[in-house]
Amino acid sequence: MRVGFIGLGSQGAPMARRIVEGGYETTLWARRPASVEPFADTAAKVAGSPAELAAASDLVCLCVVGDDDVRQVLGGENGVLAGLARGGIIAIHSTVHPDTCAEISEQAAAQGISVIDAPVSGGEPAATAGTLLVMVGGEAEVVERARPVFATYADPIVHLGGVSAGQVAKILNNLLFSANLGAAMSALELGEALGVPRSALCEVITRGSATSKALNSIAMFGGTLDNLAPIAGALLQKDCRHAASLADTASAPQGAVFDAADAALALMNHPR
């Protein structure tokens with residue numbers, strides 16, 4: 001299978017490198033030439049446009065930031081959909097609204113192209129180690145065709161259902177992560193009010209039954225969200241907004257998880 005990869009950021013770049021190292025014929029495209037320079041020592045080819053990349057690929061993986069970015073690289077005369085042949089697959093690793101995936105899937109199907117949503121979790125360290133979590137939505141046969149490529153950078157690969165199911169799971173994951181940040185900060189602030197130093201409480205809880213990835217992230221950044229906010233604030237804000245939209249559409253109560261998430265977003269100066 002020939003693979004195209006777009007989105008060579010801190011997470012996408014190690015994913016693409018592992019695809020190349022896995023022996024797949026790989027083509028890359030990036031808006032900035034500097035993004036493809038680290039691949040000069042590999043067998044990867046560089047395309048002049050998303051359409052050119054797609055024409056050389058059977059599977060196109062997208063790892064760009066958000067909904068608008070996905071639409072931009074797919075659409076237009078130089079977009080992926082202009083170059084990908086009938087029978088091709090688009091895998092959306094970006095975390096976007098499920099409705100975006102459904103719309104793109106319908107558009108692509110008219111050209112005989114399959115879409116699967118495959119958002120990831122784990123960040124750069126997991127991508128480099130090949131242990132990303134991939135949450136996949138799409139037709140089972142299409143998912144199985146893409147699975148060997150995903151396996152170069154991911155373990156586990158969880159198929160959750162039809163198109164958009166992966167996005168729902170990822171958005172709920174990020175909503176809960178945000179809520180865990182908010183709850184952890186509340187506990188640390190209470191600890192300080194009760195005379196327990198924040199750094200000491202971080203050490204205790206990260207080794208206790210109440211530990212979480214959120215708390216470990218806070219502890220790693222000195223016990224506050226000040227350093228995490230520039231990295232994750234806007235992305236978590238986007239995903240919590242998506243979660244609220246899904247809840248509203250389903251007429252489901254938002255509940256305590258949103259209250260805790262909102263507390264974290266406020267502390268990061270990215271209110272929902």
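**Figure 1. Asn269, an exposed residue in the segment after helix H12.** Asn269 has a relative accessible area of 66%, so it counts as exposed (over 50% relative accessible area; buried means under 20%, and partly exposed lies in between, with a 1.4 Å probe and protein chains only). Helix H12 covers residues 255-267; helices (DSSP runs of H or I, at least four residues) and strands (runs of E, at least two) are numbered from the N terminus. Asn269 has a positive phi of about 60° although it is not a glycine. Most residues other than glycine have a negative phi. This is a predicted model, in which local features need pLDDT of at least 70 and side-chain atom pairs count only at pLDDT 80 or more, while totals for chains, interfaces and linings use all residues. Residues are numbered from 1 along each chain as its sequence is written, and side-chain values use heavy atoms, with hydrogens and water left out.

**Figure 2. Ser164 and the cis peptide bond at Pro156.** Ser164 sits in the loop between S9 and H8. Like a glycine might, but without being one, Ser164 takes a positive phi, here about 95°. Is Ser164 buried or exposed? Ser164 is buried, with a relative accessible area of 9%. Strand S9 spans residues 154-161 and contains Pro156. Asp155 and Pro156 are joined by a cis peptide bond, with omega about 15°. Most peptide bonds are trans.

**Figure 3. Leu8, in the loop between S1 and H1.** With a relative accessible area of 13%, Leu8 is buried. Leaving out residues up to four places away in sequence, Leu8 touches Ala13, Ala16, Leu28, Ala30, Ser35, Val36 and Phe39 (contact means heavy atoms within 4.5 Å). Leu8 and Ala34 are 26 residues apart in sequence, and their C-alpha atoms are 9.9 Å apart in space.

**Figure 4. Helix H1 and what it packs against.** Helix H1 covers residues 12-21, and its buried residues are Gly12, Pro14, Met15, Ala16, Ile19 and Val20. These buried residues pack against several elements, including strand S1 (3-6), strand S2 (26-29) and helix H7 (140-150). Just after H1, Gly23 has a positive phi of about 95°.

**Figure 5. Ser178 in helix H8.** The relative accessible area of Ser178 is 0%, so Ser178 is buried. Which residues are in contact with Ser178, leaving aside neighbours within four places in sequence? They are Leu236, Cys240, Ala260, Ala261 and Ala264.

**Figure 6. The largest pocket and the two domains that line it.** An automatic or database domain assignment gives domain 1 (3-161) and domain 2 (168-268). The lining of the largest pocket draws at least three residues from each of them. The volume of this pocket is about 1500 Å³, a volume being the space filled by probe spheres set on grid points joined across faces, edges and corners. A pocket is an open set of points on a 1 Å grid over the protein atoms alone, where a 1.4 Å probe fits, with protein on both sides within 12 Å along at least five of seven lines; lining residues have an atom within 4 Å of a point. There are 47 lining residues, and Ser10, Gln11, Gly123, Ile231 and Leu235 lie nearest the centre. Among the elements that each supply at least two lining residues are helix H8 (165-193) and helix H11 (229-249).
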